[in-house]
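Student: Hi! I have a new structure open and could use some company while I look around. Can we go through it together?
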Amino acid sequence: MNLLRILILCSFFVNCGETNADKVIVLQPLGDFSKAEAQGVFKKIGKVNPKIVLRHNIAFPKSSYNAARNRYRADSLIAFLRNKVGKDTVIVGLSRKDISTTKGNRQDWGVMGLGFMPGNACVVSSFRLSKKKRAEQFYKVVLHELGHTQGLPHCAVKTCFMRDAEGKNPTDEETGFCNSCRKHLEDENWKLR
């Protein structure tokens, strides 16, 4: 653990003088999120952005739990996570539990993920994803929410990772970021490969 802190500090000091430092992505598993699933996401995101850290699991904050619906409030999770990272860092909460947010007049709308636009934190849940394709779909939702943290709105291109799910799960139709979304992320210093 101390070696990891030293490496992060060294990386911080090296990058302080750079104007185009790469964004660091921190993956924060919540509750009983599987170590194997976390490692899978870590490897895939590492191919998109090589500056990535995988933390150990932590408990869900009790204040985020909605007992009436057996869900966790995504906005409360983001508020909890956003203070756990510094500048040029985005933290992604990884959950197997159901999460929700307020949408219009619906106080408890179940979602696959939520990311504030812009922001430095988002949360993604595998609860609503296909069991057969969970790893691939989860990865796409992580990229979608990371896009929101970088200021990307929903996209009209149906094959783009940034399309609006509209209450469904369209991830199987998504093939990557469209040219416009890709350019936006590159302009935000994301090193997309």
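Student: Let's start with Lys 140. Is it buried or exposed?
Tutor: Lys 140 is buried. Keep in mind as we go that this is a predicted model.

Student: Okay, and which side chain of opposite charge is nearest to Lys 140?
Tutor: That is Glu 136, at 4.4 Å. A salt bridge has to be within 4 Å, so Lys 140 has none, even though it is buried.

Student: What does a polar atom of the Lys 140 side chain lie 2.9 Å from, then?
Tutor: From the backbone oxygen of Thr 171.

Student: Which residues does Lys 140 touch, if I skip those up to four places away in sequence?
Tutor: Leaving those out, Lys 140 touches Thr 171 along with Phe 161, Asp 172 and Glu 174.

Student: Where does Lys 140 sit in the fold?
Tutor: In helix 4, which covers residues 134-149.

Student: Let's switch to the sheets. What is the strand order in the one with five strands?
Tutor: The order is 2-1-5-9-8, in an open sheet with mixed pairing. Strand 2 (52-54) and strand 8 (113-115) are the edge strands, each pairing on one side only. From one strand to the next, the twist averages 15 degrees.

Student: How do strand 1 and strand 5 run, parallel or antiparallel?
Tutor: They run parallel: strand 1 (residues 24-29) is joined to strand 5 (residues 89-95) by six bridges. For one pair you can look up, Val 24 has Thr 89 in strand 5 as its bridge partner.

Student: Which strands does helix 2 touch there?
Tutor: Helix 2 (residues 35-48) packs on that sheet and touches strand 1, strand 2 and strand 5. Its direction makes about 175 degrees with that of strand 2.

Student: And which strands does helix 4 touch?
Tutor: Helix 4, the one that holds Lys 140, packs on this sheet too, touching strand 1, strand 5, strand 8 and strand 9 (121-125). The direction of helix 4 makes about 160 degrees with that of strand 9.

Student: Now the sheet with four strands. What is its order?
Tutor: It goes 3-4-6-7, an open sheet with mixed pairing. At the edges are strand 3 (65-66) and strand 7 (106-111), each pairing on one side only.

Student: How many bridges do strand 6 and strand 7 pair over?
Tutor: Four, in the antiparallel sense, with strand 6 covering residues 99-103. There, Thr 101 stands opposite Trp 109 in strand 7.

Student: Last one: which strands does helix 3 touch?
Tutor: Helix 3 (residues 74-81) packs on this sheet, touching strand 4 (71-73) and strand 6. The direction of helix 3 makes about 55 degrees with that of strand 4.

Technical notes. Residues are numbered from 1 along each chain as its sequence is written. This is a predicted model: local features need pLDDT of at least 70, side-chain atom pairs count only at pLDDT 80 or more; totals for chains, interfaces and linings use all residues. Side-chain values use heavy atoms; hydrogens and water are left out. Helices (H or I, at least four residues) and strands (E, at least two) are DSSP runs, numbered from the N terminus. Buried means under 20% relative accessible area, exposed over 50%, partly exposed in between (1.4 Å probe, protein chains only). Lys and Arg count as positive and Asp and Glu as negative; His and the chain ends are not counted. A polar contact is a pair of N or O atoms within 3.5 Å; within protein, one must be able to donate a hydrogen and the other to accept it, and residues adjacent in sequence count only if both atoms are side-chain atoms. Contact means heavy atoms within 4.5 Å. Two strands pair if DSSP finds at least two bridges between them. Axes are lines fitted to C-alpha atoms, for helices over the stretch in contact, and angles run from 0 to 180 degrees between N-to-C directions.
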